[in-house]
Every structure is written in C-alpha cells, then in structure tokens.
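Me: I would like to learn how to read the features of a model like this one. Could you walk me through it, one feature at a time?

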Amino acid sequence: MLVISIILVNLALIFYTISILNEVNRKILLPWHAVMFCVGLTCDILGTLIMYEIGGSTVRLGIHDILGCIALLLMVVNAIGSVFVLKKYKNLLTKFYKSSIFAWAI
C-alpha cells in the first residue's frame, strides 16, 4: 500500500506541475488546467488517506502534518477556484495563474 500512496502523491505532483507551469507560461487559465488540478487533488487526497491508514489513523501536530494540511487546503481552494473562474468569473482568467503558482510553491 505504501508504494501505491507514493505513486499517487507523485502523480499529483506531476499533474499539478504540468498544469501550473503551462498556465503560468500562457498567463491564462484553460479548462484542461482545471481538470488537471482536480485530478492532481484526487491523487493527493487518495495517497494521503492511504498514508494516514498506514500510519495508524492518527494525526500528530508536527510540522509535516500542519504543512500537509495547509497544502491540501490550498489545492482544494485552487481546484474549486479554477472551476468558478472558468464558469462565472471569466474576467479573472488572465489573473488566476498568480494564485496557482502560490499554491504550487507551498
């Protein structure tokens, strides 16, 4: 199970990196970027849940756990935000990449 969780977390990194670097390069949010954010988020959540089970289903309040929660929260906000921008706030399409790069850097 550990191998599966490692693969899932690395896939999340690959999906996020490809989509965010492309978004930053083009300086506009495209629909496939939002899809890649959601796929990356799904992989990251699944990998994290598997690791949580392997670790005895306990959360410690160490720096790793805190930063992991912050990172997952930023990814959720980024994925949901990208869908909202594409659906309702098209005037933000060329500005959204700035928040994406921040979430990716964390």
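Me: Let's start with lysine 27. Where does lysine 27 lie?

Reply: Happy to start there. This is a predicted model, and in it lysine 27 sits in the loop that joins α1 to α2.

Me: What is the phi of lysine 27, and how should I read such a value?

Reply: The general idea is that most residues other than glycine have a negative phi. In this case, lysine 27 has a phi near 60 degrees, which is a positive value in a residue that is not glycine.

Me: Is lysine 27 buried, partly exposed or exposed?

Reply: For such a label, look at the relative accessible area: under 20% is buried, over 50% is exposed, and partly exposed lies in between. Lysine 27 has 43% relative accessibility, so the residue counts as partly exposed.

Me: Let me step back to the fold. How many helices and strands does the protein chain have?

Reply: There are four helices and zero strands in the protein chain. Reading from the N terminus, the order of elements is α-α-α-α. The C-alpha trace spans about 45 × 25 × 20 Å along its principal axes. Of the 106 residues in the chain, 32% are buried.

Me: Which residues show what buried looks like inside a helix, and why do they get that label?

Reply: Try asparagine 78, found in helix α3. Its relative accessible area is 3%, so asparagine 78 is buried. Leucine 41, in helix α2, has 12% relative accessibility and therefore also counts as buried.

Me: How far apart in space are these two from partners elsewhere in the sequence?

Reply: Here you compare two separations, one along the chain and one between C-alpha atoms. Asparagine 78 and alanine 34 are 44 residues apart along the chain, with 8.7 Å between their C-alpha atoms. For leucine 41 and phenylalanine 15, the sequence separation is 26 residues and the C-alpha distance is 8.9 Å.

Me: What do the C-alpha distances look like for glycine 62 and for leucine 13?

Reply: Glycine 62 is in the loop between α2 and α3. From glycine 62 to isoleucine 18 there are 44 residues in sequence and 30 Å in space, C-alpha to C-alpha. Leucine 13 belongs to helix α1, and its C-alpha atom is 20 Å from that of isoleucine 63, a residue 50 positions away along the chain.

Me: Why do glycine 62 and leucine 13 count as partly exposed?

Reply: Use the cut-offs from before. Glycine 62 is partly exposed because its relative accessibility is 29%. Leucine 13 is partly exposed because its value is 49%, and the exposed label needs over 50%.

Me: Now the surface. Which residues form the nonpolar patch?

Reply: To read a patch, ask which residues make it up and which elements they come from. Here the patch consists of Met1, Leu2, Ile4, Ile6, Met51 and Ile54, and together they have about 570 Å² of accessible area. Both α1 (2-26) and α2 (31-54) supply at least two of its residues. The largest share, three residues, comes from α1.

Me: What about isoleucine 54: which helix holds this residue, and is the side buried or exposed label the right one?

Reply: Isoleucine 54 has its place in helix α2. Neither label fits, because a relative accessible area of 46% makes isoleucine 54 partly exposed.

Me: And how much space lies in the largest pocket?

Reply: With a pocket, begin with the volume and then turn to the lining. The largest pocket holds about 860 Å³ of space. It is lined by 25 residues, and those closest to its centre are Asp44, Thr48, His64, Gly68 and Leu72.

Me: Which helices supply that lining, and what kinds of residues does it contain?

Reply: Each of α1, α2, α3 (63-87) and α4 (96-105) provides at least two lining residues. The most come from α3, which gives eight. By kind, the lining has 17 nonpolar, five polar and three charged residues.

Key
Residues numbered from 1 in each chain as written. Predicted model: local features only at pLDDT ≥ 70, side-chain atom pairs only at ≥ 80, totals over all residues. Heavy atoms only, no water. Patch = residues over 30% accessible without salt bridge, like charges linked within 9 Å, V, L, I, M, F, W, Y side chains within 5 Å. Areas by Shrake-Rupley, 256 points an atom, 1.4 Å probe, with all protein chains shown as cover. Salt bridge = Lys/Arg side-chain N within 4 Å of Asp/Glu carboxyl O. Buried < 20%, exposed > 50% of the residue type's maximum accessible area, 1.4 Å probe, protein only. 1 Å grid on protein atoms, 1.4 Å probe; cavity = no way out; pocket = protein on both sides within 12 Å on 5 of 7 lines; lining within 4 Å. Points joined across faces, edges and corners; volume = space filled by probe spheres on them. Nonpolar A, V, L, I, M, F, W, Y, C, P; charged D, E, K, R; others polar.
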